[in-house]
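This report goes through one protein chain, from single residues to the whole fold. Please keep the sequence and the structure in view while reading.

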Amino acid sequence: MLRSSHTENADPGYPLPHLNRAQDCEPVIYPDRELPPVPGTKYEQLAQYLLQRYVIVGEPGDRLPPERTLQEQFSVSRQTVRNALSLLTERGHIYNVHGSGSYIAPRNQARFTPRMCSYLEDMSQRGHEGSTRVIATQWVEAEEAICASLGLEAGTSVLYVRRLRLSDQEIIGYERIHLSPDAGQALLQAMMENMGQPVNQGSNIFEQLEGSAFAMRHGTMRVGATLSTVDDYEEFNQLIEPGQAMMDVSVIGYTDTGIPVEHSRTLYTQDSYFYEIIL
């Protein structure tokens, strides 16, 4: 069983607001910026904007813009703003201080990956040789859930990559990746530039995008359990049998400015991969 660990400085309460950051000055406002064109209501779009613009790139204790500022910026009702803040609160991303405002929650409250790193780097830290094997790369019309994750309009064409994840030459994972249009173009351009060069097992999407405007610096992760399907069987060349118990790991990768560029979903064979978080 492979384990990935990180340790956080435990804090039983919420952090004190950073007086030198957000309380003494208003946050930067972008009057001309529109809400992300994600499917859903206005408050869901606003919640996505706040997640990208402030929560992903901020620090625990940073204050979000006041409700009135958000109302004026996006010409929405006070109830829409409150619904957006409530949604982020329910998901553990922010908390409210009565009479003061909304603040970014501690990372052990908002379930964030501690640091974005590549699968190959992760495997190396575990003492294993990691590698990936691409099965197919193609442009597809993204389904609604993918567009929502990447902040895209429904039906946007994205780069779709299917690949295998290996540990010491043994297949342990089956991965589907969707890249935003610009990030997909940047990846294909990088791959073209590297054609003819010696194959490097360390060369992957994470590293190919390094140095570009789409380099991933932050991420959110969701881990669950599922059973493999007939679609999995067909898309991964009959290498995975339907009905297998799998660990289901979904990650959204963001740039340093909080723009989502990658949505990946990886199915790991039972007991082959493990995440351990010390709180």
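A residue is called buried when its relative accessible area is under 20%, exposed when it is over 50%, and partly exposed in between. The model shown here is predicted.

**Two residues in loops**

Asn-237 has a relative accessible area of 44%, so it is partly exposed. Its place is the loop between α9 (230–235) and β8. Although Asn-237 is not a glycine, its phi is positive, at about 55°.

Asp-168 is another residue of this kind: its phi is near 50°, a positive value in a residue other than glycine. The loop that holds Asp-168 runs between β5 (157–167) and β6. With a relative accessible area of 42%, Asp-168 is partly exposed, because the value falls between the two cut-offs.

**The chain as a whole**

The chain contains 9 helices and 10 strands. It has 279 residues, and buried residues make up 45% of them. The accessible surface of the chain comes to about 14,800 Å². Carbon and sulfur atoms account for 48% of that surface.

How are the contacts spread along the sequence? Among contacts between residues at least 6 apart in sequence, 65% join residues at least 24 apart.

**Nonpolar cores**

The largest nonpolar core has 22 residues. Within it, Leu-46, Tyr-49, Leu-50, Leu-64 and Phe-74 touch the most other members. Four elements give two or more residues each to this core: α2 (42–55), α3 (67–74), α4 (78–90) and β8 (245–254). Which element gives the most to this core? It is α2, with 7 residues. There is also a second, separate core of 11 residues, and its members include Leu-159, Ile-177, Leu-187 and Phe-206.

**Residues in strands and helices**

Tyr-254 is found in strand β8. Is Tyr-254 buried or exposed? Its relative accessible area is 1%, so Tyr-254 is buried. Leaving aside neighbours within four places in sequence, Tyr-254 is in contact with several residues, among them Leu-51, Gln-52 and Ile-56. Its other contacts include Ala-215, Met-216, Arg-217, His-218, Gly-219 and Thr-220, as well as Ile-259 and Pro-260.

His-178 lies in strand β6 (residues 170–179). The relative accessible area of His-178 is 12%, and it is therefore buried. Neighbours within four places aside, the residues in contact with His-178 include Val-140, Ile-146, Leu-150 and Val-158. Leu-159, which was named as a member of the second core, is also among the contacts of His-178. Further along the chain, Val-261, Glu-262 and His-263 are in contact with His-178 too.

Glu-235 is placed in helix α9. At 24% relative accessibility, Glu-235 counts as partly exposed, because buried residues are under 20%. Not counting residues up to four places away in sequence, Glu-235 touches Ile-135, Tyr-160, Arg-162 and Arg-176.

Glu-121 is found in helix α5 (residues 119–126). Its relative accessibility is 30%, so Glu-121 also counts as partly exposed.

The table lists C-alpha distances for pairs of residues, together with how far apart they are along the chain.

| Pair | Separation along the chain | C-alpha distance |
|---|---|---|
| Tyr-254 and Leu-150 | 104 residues | 9.1 Å |
| Glu-235 and Arg-163 | 72 residues | 9.7 Å |
| Glu-121 and Ser-131 | 10 residues | 10.0 Å |

**The largest pocket**

Rolling a probe the size of a water molecule over the atoms shows where empty space is left. What is the volume of the largest pocket? It is about 1,100 Å³. This pocket is lined by 39 residues, and the closest to its centre are Ala-145, Ser-149, Arg-222, Ile-252 and His-263. His-263 is thus part of two lists, since it is also in contact with His-178.

Strand β7 (residues 218–227) gives the most to the lining of the largest pocket, with 5 residues. By type, the lining divides into 18 nonpolar, 9 polar and 12 charged residues.

Conventions:
Residues are numbered from 1 along each chain as its sequence is written. This is a predicted model: local features need pLDDT of at least 70, side-chain atom pairs count only at pLDDT 80 or more; totals for chains, interfaces and linings use all residues. Side-chain values use heavy atoms; hydrogens and water are left out. Buried means under 20% relative accessible area, exposed over 50%, partly exposed in between (1.4 Å probe, protein chains only). Contact means heavy atoms within 4.5 Å. A nonpolar core is a set of buried Ala, Val, Leu, Ile, Met, Phe, Trp, Tyr and Cys residues joined through side-chain atoms within 4.5 Å. Accessible areas come from the Shrake-Rupley method with a 1.4 Å probe; for residues, only the protein chains shown count as cover. On a 1 Å grid over the protein atoms alone, a cavity is a set of points where a 1.4 Å probe fits but cannot get out, and a pocket is an open set with protein on both sides within 12 Å along at least five of seven lines; lining residues have an atom within 4 Å of a point. Grid points are joined across faces, edges and corners, and a volume is the space filled by probe spheres set on the points. Ala, Val, Leu, Ile, Met, Phe, Trp, Tyr, Cys and Pro count as nonpolar, Asp, Glu, Lys and Arg as charged, and the others, Gly among them, as polar.
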